[in-house]
There are 2 protein chains.
Amino acid sequence: MIARTPQTFRNQHNIDARILHEVEEIDLARRRVRVHQLDSGRAVGWEAFDHLLIATGASPFLPDVSGVEAKGIHGISTLQSGIEVRQAIDQQHPQRAVIVGGGYIGLEMAEALVLRGLAVSLVERMPQVMGSLDPDMGALVSDALRNIGVSLYLEESLQSFDVSHGRVQAVITDQHTLPTDLVILGLGVRPNAKLAAEADIPLGATGGIQVNERMQTAVEGIWAAGDCVESFHLVSRKPFYIALGTVANKQGRVAGINLGGGYATFPGVVGTAVSKVCAVEVARTGLQETEIRRLGWEYVSAKIDSTTRVGYYPHAGPITVKVLAERGSGRLLGGQIVGIEGAAKRIDVLATALHAGFTVQDMIDLDLSYAPPYSPVWDPVLIAARQAAGLV
Amino acid sequence: MIARTPQTFRNQHNIDARILHEVEEIDLARRRVRVHQLDSGRAVGWEAFDHLLIATGASPFLPDVSGVEAKGIHGISTLQSGIEVRQAIDQQHPQRAVIVGGGYIGLEMAEALVLRGLAVSLVERMPQVMGSLDPDMGALVSDALRNIGVSLYLEESLQSFDVSHGRVQAVITDQHTLPTDLVILGLGVRPNAKLAAEADIPLGATGGIQVNERMQTAVEGIWAAGDCVESFHLVSRKPFYIALGTVANKQGRVAGINLGGGYATFPGVVGTAVSKVCAVEVARTGLQETEIRRLGWEYVSAKIDSTTRVGYYPHAGPITVKVLAERGSGRLLGGQIVGIEGAAKRIDVLATALHAGFTVQDMIDLDLSYAPPYSPVWDPVLIAARQAAGLV
């Protein structure tokens, strides 16, 4: 996970990378930042800049409930937070874990903890896990979690943590008390935009720092990229906050090119994401039903069951594809996939079609690959698009 | 493989499907076809039509060399020809097989015969197998064949077959005599367009029947679809012959809708295809270098090595992606992929991008899915596109 050390940055790239140094304040008028050392707490002083890149990332959301600071409760965001959970498991041999939140982090931690032999419960406020899927597709993921032995507590809200001697003993919801040795918080992240906000660098309505296509903030010479900024959603044509490595990586590259005197743009995202629960793959792109309704758009929905390979081919297995398209125009608005190995990466065809502005009628003609080990004669995403085209 | 029997056609669809009946002649003036029974040889007589759909498919190319009609030599095109090879293996227990031709059929039969324990040799006239890939990518497939124990005889031409008592004994090339018990011909297919040509229904330069986007021939009321027709290549904007199930299936659907009084079109193909040799997956789409040069277009080429998953994730393995783009404009012209499980289906992103008319610069911004089990942070197809964009 560590691509480069400070030494590599210095020796190979001539970059002075100072770890454990925190910027406390940005002084826009005098073009400088105030820095202190994190380990010693010592003030380093003011550092001048011509250009400044804010890449402060995001932090796991901590619910404002009693006991949230107790030992045994872990948010998962950095390499270090992962190391801490692993050390807790190796050293304290917890038997039971409760995960609060059924998003990507919740899913992946459920898999990891089940594979390490813990009894895992998952609490989710919504009637389904994976809130970025529609309820009917999310239900398939709930089934996948139950099938690997996870106890799901859906439509339950976290109320507080039962703490004894500074260590968590139980998760208390509005319906249950769930005794536990370990708690994982998977309630999403919030952009670390406070530093920027305090310097009057404008944030967007999503809470992320506002940037243009070149990753410039509203202030000349101040750039921002990654999980601390808001993106532009190419389907809704509205600001959108998404904290994913692939987006952050592309934004960082664009910011770097521009900072270096070049020219590059990052037009936006379509909201593509993938995850998995053991053998079940999950993928989504574009808008989901609630988002489309919020925009006031009308849509059709097609959901089909197919197979990842031709049915007679060994290791063929189920795949469910859902496609959403604008009523009338047939413009593709989004897609969701749940299935076995080979299912999820097909989301990339739908993502590419969203970038292209394709209608579901356009998609019927796509010359996608076919051979029995790879796909039915019609790829499942095309079967779904064809069905949607019939409803437009 | 048999989706519907004549009984199903009759009972469920009210279609009179007559198997083992062959049309010998199309009489356009009197709108009728002359039919005889294949098993008895008996003439059935003339059948009248209002609309006629020609779906005569394609046949394996038989080289004009001595001994080609001998027993033990098999072309592979129909379910029946596959059954015959399997029966020959089960009943005659051949030890050695020679495959003539290194295309899809050659590759897939090499895998099948190696897995059944035969010593397999493959003869190919070109310096590489998989002529639909560029030589550098084809070389990776040649390696894959050698790695499963196939003896490759590249740049060798078939001269004749050594035959004794009506049965093949050896394949004779311009350089070797290869003793064998079984021969597979994988020299491609030719459209079965003779029946149409004899009725003066125009063929194209590729030898396939000419059709428009609705799958109409040049003659009113006469339609054609599948391996007997020529397609339109959406990248070269020229007629193109491709005999693949997925294309035939889509064309048949379009012809059926139009014949039934509806309206549908099949705009064309981008030449997408996938195959595999045991654990090595192979995929291609769009134009290859020889095709681009023949069109007189200038191009850039980028080839990158990456991994199917993030490098640290279990079962990550090599993938090589090559992308070809028009010099100057950067318009994507084609792509090729060779790699382990999970590699080939990524060709669908390139195929969709070809349909969209994307440049490689456009592709850099594609919001493709990323999670460690599925892909590096930049999907390998995007890494290749990014490299190509730097060369445009």
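1. A salt bridge here is a side-chain nitrogen of Lys or Arg within 4 Å of a carboxyl oxygen of Asp or Glu. By that rule the side chains of Asp136(A) and Lys303(A) form one, with 3.4 Å from N to O, and it should be kept in mind that the model is predicted.

2. The assignment divides chain A into domain 1 (1-49), domain 2 (60-188), domain 3 (193-269) and domain 4 (274-389). This note concerns the interface of domain 2 of chain A and domain 4 of chain A, whose centres, taken over C-alpha atoms, are separated by 30 Å.

3. On the extent of the interface, 17 residues of domain 2 of chain A are in contact with 18 residues of domain 4 of chain A, and the area buried between these two domains is about 1600 Å², with 62% given by carbon and sulfur atoms. Within domain 2 of chain A, the residues that lose the most area to domain 4 of chain A are Glu111(A), Asp134(A) and Met137(A), which together account for 36% of what that side buries.

4. As for polar interactions, the count between domain 2 of chain A and domain 4 of chain A is four salt bridges, and eleven residue pairs are found in polar contact across the interface, both residues being at pLDDT 80 or more.

5. On the side of domain 2 of chain A that touches domain 4 of chain A, helix 3 (104-115) and helix 4 (135-147) of chain A each supply at least two residues, and helix 4 of chain A gives the most, with six residues. By class, that side of domain 2 of chain A has eleven nonpolar, two polar and four charged residues.

Key: Residues numbered from 1 in each chain as written. Chains lettered and ligands numbered in written order. Predicted model: local features only at pLDDT ≥ 70, side-chain atom pairs only at ≥ 80, totals over all residues. Heavy atoms only, no water. Domains from an automatic or database assignment. Contact = heavy atoms within 4.5 Å. Buried area = accessible area lost by both parts, 1.4 Å probe. Polar contact = N/O pair within 3.5 Å; in protein donor to acceptor, adjacent residues only side chain to side chain. Helix = DSSP H or I, 4+ residues; strand = E, 2+ residues; numbered from the N terminus. Nonpolar A, V, L, I, M, F, W, Y, C, P; charged D, E, K, R; others polar.
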